[in-house]
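Biologist: Could you take me through one helix of this model, up close, and then show me how it sits among its surroundings? I'd be glad of a connected account rather than a list.

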Amino acid sequence: GVGLAAAAAVVACASALRVTVATAPGLSPKESPPMERYLDVARRIRAVSAPGSVVVCRKPRVLARETGLYAVCYPFTRDPQAHAELIRSSGATWIVVDEISPTTSEYLLPTLDRLPVRVVPAFANGETRAYRIGGP
């Protein structure tokens, strides 16, 4: 009937439409500028790290996939001892502070200067920064 014909017309129109997502050159729709900075910092960590190095960060699966390194998410607490325990138990040698997640400024940033381990700035891209744990 008429309902079927109308549905077929909607499907035909919908299939004829094309949606184009405009992005900066070289970026996929998922790679926003903050994500590109995150990936850049991740690649720089990989370039100076031994295989098997561990990174404390937000989005650990993304970092691990990009670098082949191990990555763990920081705890969602402002307790520096909880962060230090994660660093110790995982053997982490890097911390990444990102612009992607609000939890970074809520939980990770407030603990950096209160950690009972030395954390040394290594490099940055925008507000995304890598810190070497222990430092040289």
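Modeller: Happy to! Let's take helix α4, whose buried residues pack against β1, β2, β3, α5 and β5. Bear in mind throughout that this is a predicted model. The helix spans residues 80-90, and its buried residues are Pro80, His83, Ala84, Leu86 and Ile87. Around the axis they cover an arc of only 155°, which puts them on the same side of α4. The general background is simple: an α-helix has 3.6 residues a turn, so residues three or four places apart point the same way.

Both ends of the helix deserve a look. At the N-terminal end, Asp79 acts as a cap, with a side-chain oxygen 3.0 Å from the backbone nitrogen of Gln81. After the helix comes Gly91, which has a positive phi, near 75°.

Now for the sheet that supplies several of those partners. Its five strands form an open sheet in the order β2-β1-β3-β5-β4, and the pairing is mixed. β2 and β4 (119-125) stand at the edges with a single partner strand each, so one side of each has no neighbour in the sheet. Ignoring direction, neighbouring strands are turned by 25° against each other on average. The edge strand β4 runs antiparallel to β5 (residues 128-133), and six bridges join the two. Within this pair, Phe123 has Ala130 of β5 as its bridge partner.

Helix α5 (residues 102-112), another partner of α4's buried residues, packs on the sheet too, where it touches β3, β4 and β5. The direction of α5 makes about 135° with that of β3. Helix α2 lies across β1, β3, β4 and β5, and runs at about 125° to β4.

Helix α3 (residues 60-67) makes a nice companion to α4. Its buried residues are Pro60, Val62, Leu63 and Thr67. Seen down the axis, these fall within an arc of 160°, so they line one face of α3. Arg61 and Arg65, on the other side of α3, are exposed. The cover over the buried residues of α3 includes α2 (33-48), β1 (54-57), β2 (70-73) and β3 (94-97). α3 is followed by a glycine as well: Gly68, with a positive phi near 80°.

Finally, a word on confidence. The chain averages a pLDDT of 83, and 76% of the residues score at least 70. Over residues 2-27, however, the pLDDT is below 50, and this stretch has five contacts in the model beyond near neighbours in sequence.

Notes:
Residues are numbered from 1 along each chain as its sequence is written. Side-chain values use heavy atoms; hydrogens and water are left out. Buried means under 20% relative accessible area, exposed over 50%, partly exposed in between (1.4 Å probe, protein chains only). Helices (H or I, at least four residues) and strands (E, at least two) are DSSP runs, numbered from the N terminus. The arc is that of the directions from the helix axis to the C-beta atoms. Contact means heavy atoms within 4.5 Å. Two strands pair if DSSP finds at least two bridges between them. Axes are lines fitted to C-alpha atoms, for helices over the stretch in contact, and angles run from 0 to 180 degrees between N-to-C directions. pLDDT is the predictor's confidence in each residue, from 0 to 100. A polar contact is a pair of N or O atoms within 3.5 Å; within protein, one must be able to donate a hydrogen and the other to accept it, and residues adjacent in sequence count only if both atoms are side-chain atoms.
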